[in-house]
Amino acid sequence: MQQPQFAKRFIFWSVLTVSSIYLLILVGGIVRATGSGMGCPDWPKCFGQWVPPTEISQLPADYKQVYLTQRVAKNQKLARTLASLGFRQVAGEIFAHPTQYVETDFNATKTWIEYLNRLLGALIGIFVFVNAVVALPYWRRDRPVLWLAIVGWLLTGVQGWLGSLVVSTNLLPIMVTIHMGLALFIVAILLYAVQRARWGRASGEAAIVHLAEANSTAPLETASAGAGLRWALWGVLLLTFAQIIMGTQVREEIDRIASAAAYGQRDTWVAALGSIFESHRTLAAIVVLANVVVGYRLWQLAIPRLRRLVMATWVVLALEMVAGITLAYWALPAFMQPIHLTLATLLFGTQFLTLLALWPKKGVGNVPAVAQPLPQAHSYYA
Ligand code: HEM
């Protein structure tokens with residue numbers, strides 16, 4: 001099937017945006033592993049400049065006091081707003097969190113790592129906006145695609161604002177976790193939009209090449225298998241999401257331990273972790289088991305795209321396990337931290353794409369979406 005020009009353009013921008021978000025997650029991990037999160041004490045500028053300083057001599061002597069005062073004032077405003085909206089506990093936490101009263105010494109390398117992170121974030125802001133603009137032709141063809149692109153754009157704005165709060169609260173743990181959850185949600189929205197664009201040619205009906213066109217005996221069996229597996233995949237996706245959120249809790253714990261140890265004795269940090277680490281390790285085993293079982297069932301459907309996605313998920317999961325084990329038993333090597341984080345989000349992405357490949361379509365019933373049967377599919381269904 002030949003895609004129309006506007007669809008090709010939309011798919012291009014969506015894929016570019018999602019890839020850049022993954023790159024940003026990797027760079028964000030590098031920011032953290034190198035301790036550059038507070039490299040720029042203010043937001044959106046860095047030390048009050050669009051191009052940050054390279055030498056401490058470019059800063060006023062009392063720069064620490066200046067930025068500390070600014071940040072505390074911003075946090076107080078935020079805490080007051082949250083308290084007036086009824087979020088008293090979070091407001092209290094923001095007030096009470098001790099690290100917000102600590103100002104970091106200037107370090108040019110850290111400042112520039114954080115600044116590049118922000119530039120990439122700004123670039124994504126542009127990409128996601130262009131993505132919403134090139135989705136306009138979908139107003140008449142498949143409106144949800146346009147809405148998804150617009151919501152993706154707006155949420156990216158919220159994500160930028162949350163990023164500023166992460167900085168102003170000096171990396172308050174709950175903020176870091178919310179930031180992560182929203183990043184995954186944005187990825188899911190954009191992936192769904194791009195998948196709909198791939199499926200659809202006509203308004204809302206999303207006419208596709210599916211099994212019903214290709215093999216008259218296969219769809220019913222595949223449809224019912226697909227419906228059951230769709231639920232199983234939702235379960236696997238939720239497990240992975242829970243595992244990622246739990247991972248961020250492990251990370252928060254590590255940050256506390258590291259700070260208490262003045263960032264020395266790295267080999268003792270993991271041993272000092274509490275039950276959260278054991279839960280993370282146990283849930284990892286459950287995630288692996290669930291992926292093997294559900295992946296095997298999907299593999300048996302003998303649909304090429306599904307097989308590719310299952311294989312990608314297994315590979316990413318295997319690498320993620322190796323990364324996790326390396327972190328836990330080889331004194332938490334810094335280079336492995338951003339890798340573990342990025343693989344976790346990639347895992348979520350491949351699982352979500354697999355779910356989309358089984359998504360039911362309007363007017364197509366429960367038939368898997370992008371199914372193009374292998375030649376041997378006939379023997380499987382025979
Ligand atoms: C399904 C597999 C797994 C997923 C999806 C996953 C996910 C995550 C995530 C998202 C983080 C937070 C990273 C960050 O915010 O920088 C994390 C941290 C961590 N995970 Fe996992 N993890 C998995 C398996 C494992 C395994 C098997 C181990 C070890 C036995 C492990 C050990 C750790 C450790 C030590 C941290 C803290 C790392 C740090 O502070 O940078 N993980 N995990």
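How far apart are the end C-alpha atoms of H10, and what span should its 25 residues have at 1.5 Å a residue? In this predicted model, the end C-alpha atoms of H10 are 36 Å apart, which agrees with the 36 Å that its 25 residues should span. Helix H10 also holds His280, one of two histidines that coordinate the iron atom of the ligand, and the points below start from that site.

**The iron atom**
- The iron atom of the ligand is coordinated by NE2 of His280 and NE2 of His340, at 2.0 to 2.1 Å.
- This pair joins distant parts of the chain, since His280 belongs to helix H10 and His340 to helix H12, with their positions 60 residues apart.
- The arrangement around the iron atom is octahedral because its 6 donor atoms subtend angles of 85 to 179 degrees.
- Both of these histidines, His280 and His340, are buried.

**The shell around the ligand**
- The ligand is surrounded by 24 residues, and the closest of them are Arg32, Arg251, His280, Gln337 and His340.
- Sorted by class, this shell consists of 13 nonpolar, 7 polar and 4 charged residues.
- In the side chain of Arg32, an N or O atom is 3.0 Å from an oxygen atom of the ligand.
- Two or more residues of the shell come from each of helix H9 (218-260), helix H10 (275-299), helix H11 (304-329) and helix H12 (336-357).
- A nitrogen atom of the ligand lies 2.8 Å from a polar side-chain atom of His280, and for His340 the distance from a polar side-chain atom to a nitrogen atom of the ligand is likewise 2.8 Å.

**Helix H10 and its buried residues**
- The buried residues of H10 include Phe277, His280, Leu283, Ala284 and Val287, and further along the helix Ala290, Asn291, Val294, Gly295 and Leu298 are buried as well.
- In an α-helix there are 3.6 residues a turn, so residues three or four places apart point the same way.

**Gln243, a contact of His280**
- Gln243 is found in helix H9, and with a relative accessible area of 12% this residue is buried.
- A polar atom in the side chain of Gln243 lies 3.0 Å from the backbone oxygen of His280.

**Ile178 and Ile245**
- Ile178 is part of helix H7, which covers residues 173-199, and Ile178 is partly exposed, with a relative accessible area of 42%.
- Although Ile178 and Ile245 are 67 residues apart along the chain, their C-alpha atoms are separated by 9.0 Å.

Note on methods:
Residues are numbered from 1 along each chain as its sequence is written. This is a predicted model: local features need pLDDT of at least 70, side-chain atom pairs count only at pLDDT 80 or more; totals for chains, interfaces and linings use all residues. Side-chain values use heavy atoms; hydrogens and water are left out. A residue is near a molecule or strand if one of its heavy atoms lies within 4 Å of it. A polar contact is a pair of N or O atoms within 3.5 Å; within protein, one must be able to donate a hydrogen and the other to accept it, and residues adjacent in sequence count only if both atoms are side-chain atoms. Helices (H or I, at least four residues) and strands (E, at least two) are DSSP runs, numbered from the N terminus. Ala, Val, Leu, Ile, Met, Phe, Trp, Tyr, Cys and Pro count as nonpolar, Asp, Glu, Lys and Arg as charged, and the others, Gly among them, as polar. Donors are N, O and S atoms within 2.8 Å of the metal (3.2 Å for Na, K and Ca); water is not among the atoms, so sites may look incomplete. Four donors count as tetrahedral if all angles lie between 85 and 135 degrees; four count as square planar and six as octahedral if opposite donors are over 155 degrees apart and all others between 65 and 115; anything else is irregular. Buried means under 20% relative accessible area, exposed over 50%, partly exposed in between (1.4 Å probe, protein chains only). The expected span of a helix is 1.5 Å times one less than its number of residues.
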